[in-house]
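Got a minute to go through this fold with me? I'd like to start with the aromatic side chains and work outwards from there.

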Amino acid sequence: MNTEETKQNIGNHRIGILCVIIAAFGFSLMTFFVRQSGDLPTMQKAFFRNAFAAVIAAFSLIVTSRREDPEHVREYKGLIKPGCGKEIFFRCLFGTSGMIANFYAIDHLGIADANMLNKMSPFFAILLSIPILKEKPSRLDWASVLVAFFGAVLIIRPGTNLELGPALLGLYGGFGAGTAYVFVRALGRKGERTPVIVLCFSLFSCLVTLPQLIFAFHPMTGEQWLCLCLAGIFAALGQFGITTAYKFAPAKEISVFDYTQVVFAALLGILFLGETPVPLSILGYVIIIGTAFFRWNRLRTRNTV
């Protein structure tokens, strides 16, 4: 590799890291505004967050479809590529249930705790990749999962935490997200388009949460409408940031920086919500983030040797 190629790779790597951090900032603000929207049903919050995402995904699909090779477009007899229906369904099912659980946790826990439990998703993805993708985890992967679960136990604090139910739902949010990511990887292997995956997920989530909206709609103030609108905008910022980041650098090299979302969420909680994480939670953050960073660094070093 010549000097120019090396400089280009370094530059791309830095852009990727920057985009991941921007995405983490966007998702932390989404969490903050979901909390700030106040005493609204979880399903109602989820509906408006995904309705906004559906509009963005539909627009993106229209734009990308116009740029695609007509021969490639003919592969699709409908919206979904043939052979991808099962993976799309399970991505939507686990993604939606995980998102609803995460939103519930956001409303009943500190936003830093809720974000950290949701960030267990990479470790759940390691476990679920065994039956779904037939991938064999390494000893490092297994060790990372065990240590990360220990960190999660410190955050949940079973037997001492009066909000054990929301904490367990927050952990399920991480499980749902991790499982959904595995099915997204499976769809990527089959060549399904990213806007289609996002659009199907958003529409599915809207359909699941629509009955709550129809039969038990909670009137919203102008401030609540604004908060949910901002939650949708910053969620879109997070999605675009992540998508752009992985165009510049492999996930294995930059994904650890996504954990800055927990730092942003903790700062927002301290500055605007009067939330101060307890020492055991902070120790849990350090263990989970440290494990992710150690695993990332080992994999990066192994691949550059």
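Q: Is Phe-25 buried, partly exposed or exposed?
A: Keep in mind that this is a predicted model. Buried needs under 20% relative accessible area and exposed needs over 50%. Phe-25 comes out at 37%, so the label for Phe-25 is partly exposed.

Q: How many aromatic pairs does a search of the whole structure find?
A: The search runs over the whole structure, and one of its hits is Phe-25 with Phe-264. The total is 14 aromatic pairs.

Q: What is the geometry of the pair formed by Phe-25 and Phe-264?
A: A ring pair is described by the distance of the centres and the angle of the planes. For Phe-25 and Phe-264 the centres are 5.3 Å apart and the planes are at 75°. Angles over 60 degrees go into one class, so this pair is edge-to-face.

Q: How many residues apart in sequence are the parts that Phe-25 and Phe-264 tie together?
A: Phe-25 belongs to helix 1 (residues 3-36), while Phe-264 belongs to helix 12. Phe-264 is partly exposed, at 23% relative accessibility. Because the two rings sit in those two helices, the pair ties together parts whose separation in sequence is 239 residues.

Q: Which class does the pair of Phe-89 and Phe-204 fall into?
A: Here the ring centres are 6.2 Å apart and the planes are at 85°. That angle is over the 60 degrees needed, so the pair is edge-to-face.

Q: Which helices hold Phe-89 and Phe-204?
A: Phe-89 is partly exposed at 41% relative accessibility, and Phe-204 is partly exposed at 22%. The pair ties together parts 115 residues apart in sequence. The helices are helix 4 (residues 85-108) for Phe-89 and helix 9 (residues 194-215) for Phe-204.

Q: Which residues do ring pairs link into a cluster with Phe-89?
A: Phe-204 is one of them, as the pair with Phe-89 shows. Following the ring pairs gives the full cluster: besides Phe-89, the members are Phe-90, Phe-94, Phe-124, Tyr-172, Phe-175, Phe-183 and Phe-204.

Q: Which ring does Arg-91 lie over?
A: A charge over a ring has to be within 6 Å of the ring centre. Arg-91 is 4.2 Å from the centre, over the face of the ring. The ring is that of Phe-201.

Q: Where is Leu-267, and which patch does Leu-267 help make?
A: Leu-267 is found in helix 12 (residues 260-272). Its relative accessible area is 45%, so Leu-267 is partly exposed. The nonpolar surface patch covers about 510 Å² and is made by Val-263, Leu-267, Ile-270, Leu-271 and Phe-272.

Q: Which contacts does Ser-129 make beyond its neighbours within four places in sequence?
A: Ser-129 has its place in helix 6 (residues 121-133). At 4% relative accessibility, Ser-129 counts as buried. Leaving those neighbours aside, the contacts are Lys-134, Glu-135, Val-182 and Arg-185.

Q: How many residues of helix 5 are buried?
A: Helix 5 spans residues 111-118 and is mostly covered. Its buried residues include Asp-113, Asn-115 and Asn-118, along with Ile-111 and Met-116. The count is eight of eight.

Q: How many helices and strands does the protein have?
A: Read along the sequence, the pattern is α-α-α-α-α-α-α-α-α-α-α-α-α. Of the 305 residues, 48% count as buried. The tally is 13 helices and zero strands.

Conventions
Residues are numbered from 1 along each chain as its sequence is written. This is a predicted model: local features need pLDDT of at least 70, side-chain atom pairs count only at pLDDT 80 or more; totals for chains, interfaces and linings use all residues. Side-chain values use heavy atoms; hydrogens and water are left out. Helices (H or I, at least four residues) and strands (E, at least two) are DSSP runs, numbered from the N terminus. Buried means under 20% relative accessible area, exposed over 50%, partly exposed in between (1.4 Å probe, protein chains only). Contact means heavy atoms within 4.5 Å. Patches are made of residues with over 30% relative accessible area and no salt bridge: like charges are joined within 9 Å, nonpolar side chains (Val, Leu, Ile, Met, Phe, Trp, Tyr) within 5 Å. Accessible areas come from the Shrake-Rupley method with a 1.4 Å probe; for residues, only the protein chains shown count as cover. A salt bridge is a side-chain nitrogen of Lys or Arg within 4 Å of a carboxyl oxygen of Asp or Glu. Rings of Phe, Tyr and Trp (its six-membered ring) pair if their centres lie within 6.5 Å; planes under 30 degrees apart count as stacked, over 60 as edge-to-face and the rest as tilted. A charge sits over a ring if NZ of Lys or CZ of Arg is within 6 Å of the ring centre and within 35 degrees of the ring normal.
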